[in-house]
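Please find below my notes on how the protein meets the DNA in this model. They take each strand in turn.

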Number of protein chains: 2
Amino acid sequence: MELSDRKKLILRAVVENYIQTAEPVGSKAIVASAGLKVSSATIRNEMAELESLGLLEQPHTSAGRIPSPQGYRLYVNELMEEHRLTIQETQKINDALHLKIRQMDQVMSEAGKIISQLTRYPTFALATGSKKSVISRYDLLMVEENAFIAVLMTDGQVVKNKLFRVSEPVSAPQLQLLSTLLNTSFTGLTLDQLTPELLKVSAHAGEEAYSLISLVVSFAIEVLEEMENHVVHTAGIPSLLAHPEYQSLEKAEPLMNYLAEMGSDLNLPVIQDKNVKILIGPENLADELKDSSVIMASYDIGGGMQGVIGVVGPTRMDYADLAARLSYFADGLSRMFGKGEIPAPTEEE
Amino acid sequence: MELSDRKKLILRAVVENYIQTAEPVGSKAIVASAGLKVSSATIRNEMAELESLGLLEQPHTSAGRIPSPQGYRLYVNELMEEHRLTIQETQKINDALHLKIRQMDQVMSEAGKIISQLTRYPTFALATGSKKSVISRYDLLMVEENAFIAVLMTDGQVVKNKLFRVSEPVSAPQLQLLSTLLNTSFTGLTLDQLTPELLKVSAHAGEEAYSLISLVVSFAIEVLEEMENHVVHTAGIPSLLAHPEYQSLEKAEPLMNYLAEMGSDLNLPVIQDKNVKILIGPENLADELKDSSVIMASYDIGGGMQGVIGVVGPTRMDYADLAARLSYFADGLSRMFGKGEIPAPTEEE
DNA sequence: TTTAGCACTCGGGAGGAATGAGTGCTAAAT
DNA sequence: ATTTAGCACTCATTCCTCCCGAGTGCTAAA
């Protein structure tokens, strides 16, 4: 069933009033804010109907109405106008992007901090993707007699390194040999393909080579595990407390703990079709989020992976504004990854 | 003036009772807990004196006593018995150390998480040291025609890398040349020595070399800046809410925000003589910490740097227990850095 | 110096009245 | 058929007030 235009107008007024004031919206307030030429009694009748449709609800009998999750959903889907960012806002986001993000592997952790500062909401950031990462190349660098550095690169262009200290001395030619071996036998393999393979190689090379190889390969496994584990970075969790819906500790604490501890077992649907995805109240899978909303945007990392960055807040959020900001931010990140390089401030000369 | 033994006993009983119950301690409770063969009236007299000495205070007239910051300080300095960890506790810490910390550069961020989980207090972790870091070696790895990896190692044995994409194609011999140049002219320099030097080199080599060199050097500068910036990692901030002294948002919020935002401008005295340092209430420099305590332990990173890891909580903390746990944990980290290698689970066979 | 006894203080919780915003419903008006 | 004015009603919130009890300080005796 389709709502009358007037009902839509009223629902929208309720949502937008409530987003601003955080107080239940009464019929008189609607008359004042929406440009309707009807009396408050009429509004009351309409609101009663909107309530029976499940779009509005009453905290208690003698209070105004607040939007239900379904009400917000309808608002987001049909009523909300796309928010246009001001030049200042885009400028702010651009500045933050370019100033703060220096190294590619900091993107995950820094992006969250930036968004959290910009929006004053808690944020989470993670990388995802169905495609399994593989190591595309190995380099071994001799440091001294019993220390060397392994540098690994994944197909997603992520580079990781680790310093190894070993008891038996190693030589440069030896490392050369090993890295050839690694590059021929241990590249292009996904995490599950990587373990049993070890044995074969130990036959070819000597005892010592075996132990070195296994050191580097177990490092490779760590790296791949880390990539698949979808570590979730969070930032700005205490910002929650600034919002009236989390003024009571019973509300705030479970959510804050959930956010602080959301590790690999994230209960969010991370696949998304469009750039921005909004989950309202009970649409969230995690119990701790049933009374909150999540707005997230995705960006392309390359190598078949995508990054997701989102904010968490009360269902009473400025969806239009946040969606626009996140989307713009995510686009900026996509662009950075697309270019494969950070537009550092030094480049602009 | 030296306190009588009985006063010491009473002070200690008050502190330890209060640490456990979080409720002001009355004279009767003291009689019951401390093994004193005197009546509650005597205790009351003694407590009145302890109060006038500034060691105890009364939340309000008709309540028991709680320790003042000076009271805690005296307790920590003289009365507290060193806490012996149980086998289980040390085991737990060892397990956490070995399981969670895989790569050296994760130590900072992981250590905090571990301690926070172990203690259920918010933690902070940072690296410090008067000595300036320098880059001790550069390696350039050719990836493809217009991409290469720079691997930098500091004198503190930290290795960082970055993938560069360049518009002009580069060749392996060229990179070889550049890395020699970098290693001869740009190693052993502190952050402040690093900038003006650039010009000299541009004369030697051609145009293109210049731009590549400056790319790598500016990365080196970023790395050194990052090391000097003493980035503070925090974890477990919401754990604060579990403690009764932070049940009211007015108390909890400023502190949580402070912790969440404590960036480079950390107002803590980071130098320390012993392994563990305790700051009680107003001994803290930051206003936000005036009603809280900080317990921190340091560990040796090598290369003239030391790491600091600490917990933040109410002044009513189990100082003995936490000091012991942190100290043990920090010693474990020192050992790891001393060996220069992570005792990975795979090695234990 | 210690102790028993007692009056006193004060925070915290329970109960209850006043307040007021906002409703639903009815009956008249358009 | 819809809209509106009017009015009784509901209920969260605020502000008293009262009461309780834990714990104190003080006094006077041991």
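1. Around DNA strand C there are 21 residues, and the closest are A:Ser27, A:Arg65, B:Ser39, B:Thr42 and B:Ser62; a residue counts as near when one of its heavy atoms lies within 4 Å of the strand. The model is predicted: local features need pLDDT of at least 70, side-chain atom pairs count only at pLDDT 80 or more, and totals for chains, interfaces and linings use all residues. Side-chain values use heavy atoms, with hydrogens and water left out.

2. Sugar or phosphate accounts for 76% of the atoms of DNA strand C within 4 Å of the protein, and bases for the rest. A polar side-chain atom of A:Arg65 is 2.7 Å from a phosphate oxygen of this strand. Base oxygens are also approached: one is 3.1 Å from a side-chain N or O atom of B:Ser62, and one is 3.3 Å from such an atom of B:Arg44.

3. The surface near DNA strand C comprises 4 nonpolar, 12 polar and 5 charged residues. Its largest share, 4 residues, comes from α3(B).

4. DNA strand D is likewise surrounded by 21 residues, of which A:Ser39, A:Thr42, A:Ser62, B:Ser27 and B:Arg65 come nearest. Here 77% of the strand's atoms within 4 Å of the protein belong to sugar or phosphate.

5. Phosphate oxygens of DNA strand D lie 2.8 Å from a polar backbone atom of A:Ser39, 2.8 Å from a polar side-chain atom of B:Ser27 and 2.7 Å from one of B:Arg65. α3(A) gives the most to the surface near this strand, with 4 residues.

Technical notes. Residues are numbered from 1 along each chain as its sequence is written. Chains are lettered from A and ligands numbered from 1 in the order in which they are written. A polar contact is a pair of N or O atoms within 3.5 Å; within protein, one must be able to donate a hydrogen and the other to accept it, and residues adjacent in sequence count only if both atoms are side-chain atoms. Helices (H or I, at least four residues) and strands (E, at least two) are DSSP runs, numbered from the N terminus. Ala, Val, Leu, Ile, Met, Phe, Trp, Tyr, Cys and Pro count as nonpolar, Asp, Glu, Lys and Arg as charged, and the others, Gly among them, as polar.
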